[in-house]
Amino acid sequence: MIPSLPRTRWLRAATGGYLIAFFAFLFLPLVVVAVFAFNDAPYPAPPWHGFTLDWFLGNSKAGRVGLFGDADLLGSIWTSCVVAAWVTALSVAIGTSNAFLIERARFPGKQALSVLMLAPLVIPGVILGISILAFASRLAQFIDDAFGLDWDVLRPGLPLVVCGQFSYIATIATLTISARLRRFDRTLEEAALNLGAGKAAVFRTIVLPYLRPALLGSAAISFLMSFADFNTTLMLVGADAPLTVTMYGRMREGATPVLNAVSLFLMLASALLALTFMRGKRAPDAG
Amino acid sequence: MIGAAAGPRWQGRLGLGLLLAPAVLWLGALIVLPHVDLAVLSLRERVGPRHYVASLAQYRTFFTEPLYWRVFVRTAVMSLLATFLTLLLAFPIAWIIAKLARGRWSSLLFILCLIPFWVSETVRTLGWMILLRESGVLPSLLVKLGITRTPVELLYHDATIMVGLIYTSLLFMVIPLVSSLESLDNALIEAAYDLGAGGPTVLRTIVIPHAAPGITAGCIVVFMLTLGNYITPTLLGGKDSQWFTEQIYNEFIVRFNWEQGAAFGFLLLALSTAMVIVGLKLAGQRFGDVMRRT
């Protein structure tokens with residue numbers, strides 16, 4: 001019931017209890033991951049053996065490999081960063097172009113195209129992965145048969161991972177950027193044109209600054225989503241694995257708390273990125 | 001700017017072409033052609049080295065091999081159940097955020113809901129594993145409290161998979177619910193109350209009809225994500241998770257039987273698409289509106 005209506009004491013208590021239980025459920029797994037990154041024991045499990053930074057700083061000499069001594073994990077963090085940077089750049093670029101296509105251009109088949117643009121969001125990630133894998137392999141086969149060339153780009157590996165993630169993250173960037181472009185007051189543009197500005201100048205000094213919050217926002221979202229992607233990546237990954245795939249492999253084997261350490265690092269990094277993004281969003285020019 | 005009346009005609013054409021090219025390349029090369037290829041792949045059978053004939057053998061195997069369709073049905077049923085339970089769990093919190101909490105409290109609670117979803121599912125699943133495994137936090141707590149004598153294994157049950165699936169889905173239900181409940185005018189609820197309607201009546205005749213678009217959007221997204229989930233069922237369910245995406249992975253990557261894997265992929269896609277269509281029909285909505293809502 002709503003605040004303006006009388007609520008019984010029982011209902012108030014139930015609401016409070018529900019809130020506490022709900023947020024406990026939401027945060028318990030994260031808290032546990034963070035806490036056991038500092039436990040002085042070889043497995044992330046109770047009981048508490050005391051505080052240590054071994055799982056961050058330890059190296060093979062100490063018998064415990066910490067995050068900063070684990071070349072494998074550090075390498076996959078770097079791989080994830082490279083993949084995410086590519087996916088972000090491509091998604092924001094195509095998102096901007098698509099926004100203008102949907103909001104400004106008129107052409108036959110536009111309705112169908114804009115529905116098709118939404119399709120990647122309703123196709124399960126695993127299927128996006130296998131379809132791109134199969135198609136790339138057929139292309140590679142064709143190029144090999146026809147020209148006798150061996151194109152490694154089309155074999156499972158990072159270029160395919162970038163393609164796989166980009167295939168659906170592009171939709172999200174498109175939706176974010178075109179939503180903002182839709183609210184743009186076109187008289188501003190016309191005024192600038194009347195005052196003698198060229199099209200390029202109008203784009204650079206009026207439209208682009210207006211779109212900035214959406215561009216930054218979709219960049220942040222694309223980066224986070226690329227970093228977190230697992231389903232599509234799993235199907236397309238080659239020798240160099242991004243972080244989620246490396247972590248998954250280790251979790252199946254039962255890993256040391258170094259995974260907690262890397263998780264804590266991820267939490268802090270994504271919180272930082274998200275907070276910066278939200279500060280930007282709260283700026284007065286954002287809508 | 002583009003397609004505008006100003007400027008010579010060819011310039012407009014060129015602009016349109018430049019805008020269309022990336023979109024067509026993206027959708028053509030990464031979505032449409034790969035899926036056509038996958039369809040072709042699923043409709044052929046290997047009869048010799050590098051020799052294939054068109055056949056329905058892959059789909060036949062699916063229907064004749066009980067293991068395959070049982071896993072398929074199991075995945076579908078568990079996903080439906082997870083969607084329903086997520087809705088039940090998310091509705092009160094969405095109500096509190098949209099209607100009960102005011103101003104800063106409302107946005108604070110909403111952001112608190114978002115935070116866990118900034119980190120990847122892998123990290124969240126790691127948390128559940130540490131909490132639930134035999135040597136984990138909850139089993140040892142149960143022993144300390146005297147509820148069980150020895151630590152019990154809480155991982156590798158269907159219920160564990162269910163908890164994990166609901167957990168990863170909550171956000172995708174909370175967001176559309178909050179936005180659809182926020183637009184509900186409190187005066188309607190007050191009026192119904194003044195006219196003597198009780199809580200359940202208000203919920204049934206006013207709140208649910210108004211929130212239906214949000215409920216549909218949330219349910220569709222959650223069902224799809226659950227159906228296509230891989231990491232939660234395989235890690236929390238262990239060897240017996242029997243999730244359909246895992247079978248697709250096995251056919252493709254482990255057994256290298258791409259034809260069979262492609263057929264499985266299409267069956268999953270068909271189920272997912274069917275559910276989206278049924279959901280939209282039930283709520284009488286259009287696809288584009290729903291996607292923009294989430």
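**Chain B, its contacts with chain A, and the shared core**

Let me begin with the interface: 70 residues of chain B are in contact with 73 residues of chain A, where contact means that two C-beta atoms, placed from the backbone, lie within 7 Å. On the side of chain B that touches chain A, the most is given by helix α1 (residues 9–42) of chain B, with 15 residues, helices being DSSP runs of H or I with at least four residues, and strands runs of E with at least two, numbered from the N terminus. Sorted by class, that side of chain B has 47 nonpolar, 17 polar and 6 charged residues, with Ala, Val, Leu, Ile, Met, Phe, Trp, Tyr, Cys and Pro taken as nonpolar, Asp, Glu, Lys and Arg as charged, and the others, Gly among them, as polar.

A word on provenance: this is a predicted model, in which local features need pLDDT of at least 70 and side-chain atom pairs count only at pLDDT 80 or more, while totals for chains, interfaces and linings use all residues. Residues are numbered from 1 along each chain as its sequence is written, and chains are lettered from A and ligands numbered from 1 in the order in which they are written.

Turning to chain B as a whole, its secondary structure comes to 13 helices and 2 strands. Its radius of gyration is 24 Å, well over the 19 Å that the globule rule gives for 294 residues, so chain B is more spread out than a compact globule; the radius is taken over C-alpha atoms, and the rule is 2.2 Å times the number of residues to the power 0.38.

Within chain B, helix α7 (residues 158–182) has 25 residues and reaches 35 Å from its first C-alpha to its last, close to the 36 Å expected at 1.5 Å a residue, that expectation being 1.5 Å times one less than the number of residues. α7(B) nevertheless bends by about 40° at S169(B), the angle between axes fitted to the seven residues ending there and the seven starting there. Of its 25 residues, 21 are buried, so α7(B) is largely enclosed by the rest of the structure; buried means 20 or more other C-beta atoms within 10 Å.

Finally, the largest nonpolar core has 148 residues, and among those touching the most other members are I132(A) and V174(B); such a core joins buried Ala, Val, Leu, Ile, Met, Phe, Trp, Tyr and Cys residues through C-beta atoms within 7 Å. Its largest share, 15 residues, comes from α7(B).

Conventions. Buried ≥ 20, exposed ≤ 12 C-beta atoms within 10 Å, placed from the backbone.
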